[in-house]
Amino acid sequence: MEGTNPVNKKLAAALSGGAVLVLALSGCSDDGNEKLDSWAKDVCDSVQPQSKKIAAANAAIQKETSDNSSPEDVQKTDSKAFQDMSDAYKAMGAAVKDAGAPPVDGGQKKTDDAVKELNAISKSYGDLKKKVDGLDTKNQADFADGLKSVAGELDKLSKSGNEALEKLQEGEVGKAMSKQDSCKSASATPSAA
């Protein structure tokens, strides 16, 4: 079991490096825009359960990789977690799309970009699930190498591509979202250090 431990730690580190691209919001206040507040509430209420699902999947991987778990257990946990994350990001994309464009300048483009990005992240986690499912758990060294590759991709995924989400939350939109309780709790999702 010793052989996979550094890799497990690397995988855990990649996860805690920000793989959860949840809505990180600032606590500003604004002068009130009912349409925008209503839009923000729709999005935040839809996104919150998905953020929780992603946080739970992250926690499951963290736990499994910090224990001296067997390759089979790591594979099973990672596979389920990546599927859950894929589903959650897809659901977030659908929620943003269903809410429509926020009533601000360039709102439609912000929405379209965020939806495209959330769907791309969903696909990336789906690809990671396939990769983990294909690892050979019988061969310790091969499994460790495979996990290392997954950790590398996860690290890239956690660092890339949250620009559209940040753009969606710029200016008035972010202020409106920051007032929603469901977005406050979504952004407060703890990520293991």
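Is Y89 buried or exposed? Select Y89 and show its surroundings: at 0% relative accessibility, Y89 counts as buried. Buried means under 20% relative accessible area, exposed means over 50%, and partly exposed lies in between, with a 1.4 Å probe and protein chains only.

Before going on, note that this is a predicted model, in which local features need pLDDT of at least 70 and side-chain atom pairs count only at pLDDT 80 or more, while totals for chains, interfaces and linings use all residues. Residues are numbered from 1 along each chain as its sequence is written, and side-chain values use heavy atoms, with hydrogens and water left out.

**Stop 1: the whole chain**

Show the protein chain as a cartoon. There are 8 helices and 0 strands, and the pattern along the sequence reads α-α-α-α-α-α-α-α. Helices (H or I, at least four residues) and strands (E, at least two) are DSSP runs, numbered from the N terminus. The protein chain has 193 residues, and 47% of them count as buried. Contact means heavy atoms within 4.5 Å. Among contacts in the protein chain between residues at least 6 apart in sequence, 86% join residues at least 24 apart.

For one example of distant positions in sequence, select P49 and S182. They are 133 residues apart in sequence, and their C-alpha atoms are 9.0 Å apart in space. P49 is found in helix α2 and is partly exposed, at 43% relative accessibility.

**Stop 2: the rings**

Return to Y89 and add Y125. Y125 is also buried, with a relative accessible area of 0%. A pair of aromatic rings is described by the distance of the centres and the angle of the planes. Rings of Phe, Tyr and Trp (its six-membered ring) pair if their centres lie within 6.5 Å; planes under 30 degrees apart count as stacked, over 60 as edge-to-face and the rest as tilted. The whole structure has 2 aromatic pairs. In one of them, the ring centres of Y89 and Y125 are 5.6 Å apart and the planes are at 0°, so the pair is stacked. Y89 lies in helix α3 and Y125 in helix α4, so the pair ties together parts that are 36 residues apart in sequence. Now add F82: F82, Y89 and Y125 form one aromatic cluster.

**Stop 3: the nonpolar core**

Which residues touch the most other members of the largest nonpolar core? Select W39, F82, Y125 and M177, which hold that place among the 33 residues of this core. Helices α2 (34-66), α3 (71-99), α4, α5 (140-159), α6 (163-168) and α7 (171-178) each supply at least two residues of this core. The largest share, 9 residues, comes from α2. A nonpolar core is a set of buried Ala, Val, Leu, Ile, Met, Phe, Trp, Tyr and Cys residues joined through side-chain atoms within 4.5 Å.

**Stop 4: salt bridges**

Side chains of opposite charge can pair when their charged atoms come close. A salt bridge is a side-chain nitrogen of Lys or Arg within 4 Å of a carboxyl oxygen of Asp or Glu. The structure holds 8 salt bridges.

Select D84 and K80. Their side chains meet in a salt bridge of 2.8 Å, N to O. Both residues lie in helix α3, 4 residues apart, about one turn of the helix. D84 is buried at 17% relative accessibility, whereas K80 is exposed at 54%.

Move to helix α4 and select K129 and D133. The closest N and O atoms of this salt bridge are 2.6 Å apart. K129 and D133 are 4 residues apart in helix α4, so about one helical turn separates them. D133 is partly exposed, at 36% relative accessibility. Salt bridges that share partners also join K123, D127 and K130 into one network. Within this network, the side chains of D127 and K130 meet at 4.0 Å, N to O. D127 is partly exposed at 32%, and K130 is exposed at 61%.

**Stop 5: a lysine without a salt bridge**

Select K110, in helix α4 (residues 107-133). K110 is buried yet has no salt bridge; E170, the nearest side chain of opposite charge, is 4.4 Å away. Here Lys and Arg count as positive and Asp and Glu as negative, while His and the chain ends are not counted. What is K110 in contact with, leaving aside its neighbours within four places in sequence? The residues to select are D105, K167, L168 and E170. Among them is K167, whose backbone oxygen lies 3.4 Å from a polar atom of the K110 side chain.

Technical notes. A polar contact is a pair of N or O atoms within 3.5 Å; within protein, one must be able to donate a hydrogen and the other to accept it, and residues adjacent in sequence count only if both atoms are side-chain atoms.
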